[in-house]
Amino acid sequence: MIAIIDYGMGNLHSVSKAVERLGYEALVTSKEEEILAAEGAILPGVGAFGDAMHFLNETGLAGTVERYAASGKPLLGICLGMQLLFTSSEEHGDHKGLNLLPGRVVRFQGSFKVPHMGWNKLEFRQSSLLLEGLEEGHAYFVHSYHALPERDSDLLAVTDYNHPVTAIVGRDNVYGMQFHPEKSGPLGMQLLGSFLKLCEKR
């Protein structure tokens, strides 16, 4: 069973349906006992970093996510959910994140269109079980802020939007995708499927 963590700011339905299309049971839940019992957990997210962390802290789900990550079972952050994995964000002020991956989230700077919206090709940077057997392809992005991991070893894939942009991160059992895999065609579903297979191996 895969827990889709519900803290009021996620694209829960589309993620849940994508997990089910891949042959896994998905449970949308905000209950700690259900999340901690799951074989894998997904932290989705759409909206502002500060609002999301406020809800996670107010509901106690921030601690639940941290305990889940500490359990060693696979955790995947999607879009805003990936950004929340990092130490901090400058979105509308300075906000602390979950600090599961060291690094910060910053706004795109330059004379190009923001938000970054559309299909961009992924470039794999590290070998990872998440990427095993997959070929580079395109994914669908919608974001105005991007993550800067402190450790190069946490950066699994980038895309190019006037400069290299963090697309996939991972360390140990914690993973993140800046794009929406469930909206990113065949490669997106393959990446989501790879994550779900890691959950099976636990």
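Why is helix α4 (residues 61-70) largely enclosed by the rest of the structure? Of its 10 residues, 7 are buried, so the rest of the structure largely encloses α4. This is a predicted model. An open sheet of 8 strands and another open sheet of 4 strands are described below, along with two helices and two pockets.

**Helix α4**

- The buried residues of α4 are Leu-61, Ala-62, Gly-63, Thr-64, Val-65, Tyr-68 and Ala-69.
- Several strands pack against these buried residues: β1 (2-5), β3 (40-43), β4 (75-78) and β14 (174-177).
- Helices α2 (32-37) and α3 (49-59) also pack against the buried residues of α4.
- Gly-72 follows just after α4 and takes a positive phi of about 90°.

**Helix α3**

- In α3, Phe-49, Gly-50, Ala-52, Met-53 and Leu-56 are buried.
- These residues lie on the same side of α3, because they cover an arc of only 160° around the axis.
- Glu-58 and Thr-59 are exposed on the other side of α3.
- The cover over the buried residues of α3 includes helices α4 and α5.
- Strands β5, β6 and β7 are also included in that cover.
- Just after α3 comes Gly-60, with a positive phi of about 85°.

**The 8-strand sheet**

- The strand order is β2-β1-β3-β4-β14-β13-β12-β9, in an open sheet with mixed pairing.
- β2 (26-29) and β9 (123-124) are the edge strands; each has a single partner strand, so one side of each has no neighbour in the sheet.
- β4 pairs with β14 in the parallel sense, over 4 bridges.
- Ile-78 has Met-177 of β14 as its bridge partner.
- On β14, Val-174 and Gly-176 are buried on one side, and Tyr-175 and Met-177 are buried on the other. Both faces of β14 are thus covered.
- Side chains in a regular strand alternate between the two faces of the sheet.
- β13 (residues 164-171) pairs with β14 in the antiparallel sense, again over 4 bridges.
- Gly-176 in β14 is the bridge partner of Val-169.
- The hairpin of β13 and β14 has 2 residues between the strands. In this hairpin, Asp-172 takes a positive phi near 55°.
- β12 (residues 155-160) and β13 are antiparallel and pair over 5 bridges.
- Ala-157 has Ile-168 in β13 as its bridge partner.

**The 4-strand sheet**

- This open sheet runs in the order β6-β5-β7-β11, and its pairing is mixed.
- Its edges are β6 (95-96) and β11 (145-149); each has a single partner strand, so one side of each lacks a neighbour in the sheet.
- β5 (residues 86-89) and β7 (residues 101-107) run parallel and are joined by 3 bridges.
- Leu-101 in β7 stands opposite Phe-86.

**Gly-118**

- Strand β8 (residues 116-121) holds Gly-118.
- Is Gly-118 buried or exposed? Gly-118 has a relative accessible area of 14%. Buried means under 20%, so Gly-118 counts as buried.
- Leaving aside residues up to four places away in sequence, Gly-118 touches Ala-139, Tyr-140 and Phe-141.
- Gly-118 and Phe-141 are 23 residues apart in sequence, yet 5.4 Å apart in space, C-alpha to C-alpha.

**Pockets**

- Rolling a probe the size of a water molecule over the atoms shows where empty space is left.
- The largest pocket holds about 210 Å³ of space.
- Its lining has 15 residues; Val-46, Gly-47, Cys-79, Val-142 and His-143 lie nearest the centre.
- α5 (80-83) and β10 (138-143) are the elements that give two or more residues to the lining of the largest pocket.
- β10 gives the most to that lining, with 3 residues.
- By class, the lining of the largest pocket has 6 nonpolar, 7 polar and 2 charged residues.
- The second largest pocket has a volume of about 150 Å³.
- Residues lining the second largest pocket include Leu-129, Glu-132, Leu-134, Met-189 and Gln-190.
- Gly-193, Ser-194, Lys-197, Leu-198 and Lys-201 also line the second largest pocket.
- The lining of the second largest pocket divides into 4 nonpolar, 3 polar and 3 charged residues.

Conventions: Residues are numbered from 1 along each chain as its sequence is written. This is a predicted model: local features need pLDDT of at least 70, side-chain atom pairs count only at pLDDT 80 or more; totals for chains, interfaces and linings use all residues. Side-chain values use heavy atoms; hydrogens and water are left out. Buried means under 20% relative accessible area, exposed over 50%, partly exposed in between (1.4 Å probe, protein chains only). Contact means heavy atoms within 4.5 Å. On a 1 Å grid over the protein atoms alone, a cavity is a set of points where a 1.4 Å probe fits but cannot get out, and a pocket is an open set with protein on both sides within 12 Å along at least five of seven lines; lining residues have an atom within 4 Å of a point. Grid points are joined across faces, edges and corners, and a volume is the space filled by probe spheres set on the points. Ala, Val, Leu, Ile, Met, Phe, Trp, Tyr, Cys and Pro count as nonpolar, Asp, Glu, Lys and Arg as charged, and the others, Gly among them, as polar. Two strands pair if DSSP finds at least two bridges between them. The arc is that of the directions from the helix axis to the C-beta atoms.
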